[in-house]
Amino acid sequence: PISIVVCAKNEAANLKRFLPSLALQKYPFFEIVLVDDASTDNTLIEMLSFKKAHVNSAFEITIVQISGRNSAGKKEALAKGIQMAQNEHILLTDADCQPVSENWIAHMSAHFSQKTAIVLGYGAYQKRNNSFLNKLIRFETLLTALQYFSYALAGKPYMGVGRNLAYKKETFLKSGGFKKHSHIRSGDDDLFVSQTANQHNTAICDLKESFTESQPHTQLGNWIRQKRRHITTANQYKPETKLLLSLFFVSQFSIYALMLISIMTGTFSLIIIALFLIRMVFWYITIQKVAVRLNEKDLIAFGPLYEISIIFIQLYIFLKNIISPPKYW
């Protein structure tokens, strides 16, 4: 049995659009736990309406309401939802997400075992035609998934995404939940995985029918603000993880910087060209395999352009956060 936990704050429109997709799941028994984190819109009304419409369904619906004076952020709200869940196995997603298939629960839950307590899934973003920003957001999401899936397979899991993440309730409670990083507003997904996951208790699920899909930002500024918030959790990763991720960024930046300097100074050499070409061959082989696996094939052709853009955006975010750390949520 599975408990799906969805935490929402002023998400009435998204809940109305995406909650029905949870009711279509083909699974013997599951519960949907909806947490209203002190919303001031019609979030609670949408939750109650959804429960009323499915009163005779095979699945159960539990609604947890948190008042304004008791609201302490998403982590606290999510923790209450997990505590109220009737089942041992917890599957998380966001209010603006929907499973891409009716077999989402079945595929994610299939990876649980006596040893496996954490399952990392892929949270995709909806495709939009003729939008460079959309492809940029999706490529950054693809690259992030490539990293956290690969690290997990290598026995060094360090993060997951709350849009599609599963773990055992016992594991959550024994680890103290979010208490170790409760002072940080973000990180209910990656910091929890970072502190709890290891090579023995973690699995990945990268089957297409196990994905969730979210609405992407349509304004560059809004997306950058979101990434500025997310990147603040990186300082809490394990030292080895921070070193490896930093080296990866340095390698990305260096290869393009080397080419740019060579062009500007006219100091091209066969060694520089060979290094660049070798890197791009391996880069395309890797990205092609991952993009096909994660159903993002349209990102392959102009991948280097998206990568270069992301490198400069990440550099901007890093410097901006040093000068003016984000304090909003």
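Two residues are in contact here when heavy atoms of theirs lie within 4.5 Å. With that in mind, welcome to this structure, which is a predicted model.

**A buried serine**

Let us start with Ser214, which sits in strand 10 (residues 212-214). Ser214 is buried because its relative accessible area is 1%, and buried means under 20%. Which residues does Ser214 touch, leaving aside those up to four places away in sequence? They are Asp96, Cys97, Ala124, Tyr125, Gln126 and Arg163.

**Three residues side by side**

Ser214 can be set beside two other residues, Ser49 and Ile263, in a small table.

| Residue | Element | Relative accessibility | Class |
|---|---|---|---|
| Ser214 | strand 10 (residues 212-214) | 1% | buried |
| Ser49 | helix 2 (residues 43-53) | 41% | partly exposed |
| Ile263 | helix 9 (residues 239-265) | 53% | exposed |

Ser49 also has a link to Lys16 worth finding on screen: the two are 33 residues apart in sequence, and their C-alpha atoms are 9.2 Å apart in space.

**Following helix 9**

Helix 9 covers residues 239-265. How does the span of helix 9 fit its 27 residues? At 1.5 Å a residue, a span of 39 Å is expected, and the end C-alpha atoms are 37 Å apart, so the two values agree.

Some residues of helix 9 are buried, namely Thr241, Leu245, Gln252, Ile255, Tyr256, Met259 and Ser262. These buried residues pack against helix 5, helix 10 (270-293) and helix 11 (303-323). Ile263, by contrast, counts as exposed, because its relative accessibility is 53% and exposed means over 50%. Just after helix 9 comes Gly266, with a positive phi of about 70°.

**A nonpolar patch outside**

Ile263 also belongs to a nonpolar patch on the surface, together with Phe268, Ile273 and Leu277. Together, the four residues of this patch have about 370 Å² of accessible area.

**The nonpolar cores inside**

In soluble globular proteins, nonpolar side chains tend to be buried together. In this model, the largest nonpolar core holds 66 residues. Which of them touch the most other members? Those are Leu120, Tyr122, Phe139, Tyr148 and Tyr167. Helix 5 (residues 132-153) gives the most to this core, contributing 12 residues. There is also a second, separate core of 24 residues, with Phe50, Trp104, Phe112 and Cys205 among them.

Helix 5 is a handy landmark for a newcomer: it supplies 12 residues to the largest core, and the buried residues of helix 9 pack against it.

Methods. Residues are numbered from 1 along each chain as its sequence is written. This is a predicted model: local features need pLDDT of at least 70, side-chain atom pairs count only at pLDDT 80 or more; totals for chains, interfaces and linings use all residues. Side-chain values use heavy atoms; hydrogens and water are left out. Patches are made of residues with over 30% relative accessible area and no salt bridge: like charges are joined within 9 Å, nonpolar side chains (Val, Leu, Ile, Met, Phe, Trp, Tyr) within 5 Å. Accessible areas come from the Shrake-Rupley method with a 1.4 Å probe; for residues, only the protein chains shown count as cover. A salt bridge is a side-chain nitrogen of Lys or Arg within 4 Å of a carboxyl oxygen of Asp or Glu. Helices (H or I, at least four residues) and strands (E, at least two) are DSSP runs, numbered from the N terminus. Buried means under 20% relative accessible area, exposed over 50%, partly exposed in between (1.4 Å probe, protein chains only). A nonpolar core is a set of buried Ala, Val, Leu, Ile, Met, Phe, Trp, Tyr and Cys residues joined through side-chain atoms within 4.5 Å. The expected span of a helix is 1.5 Å times one less than its number of residues.
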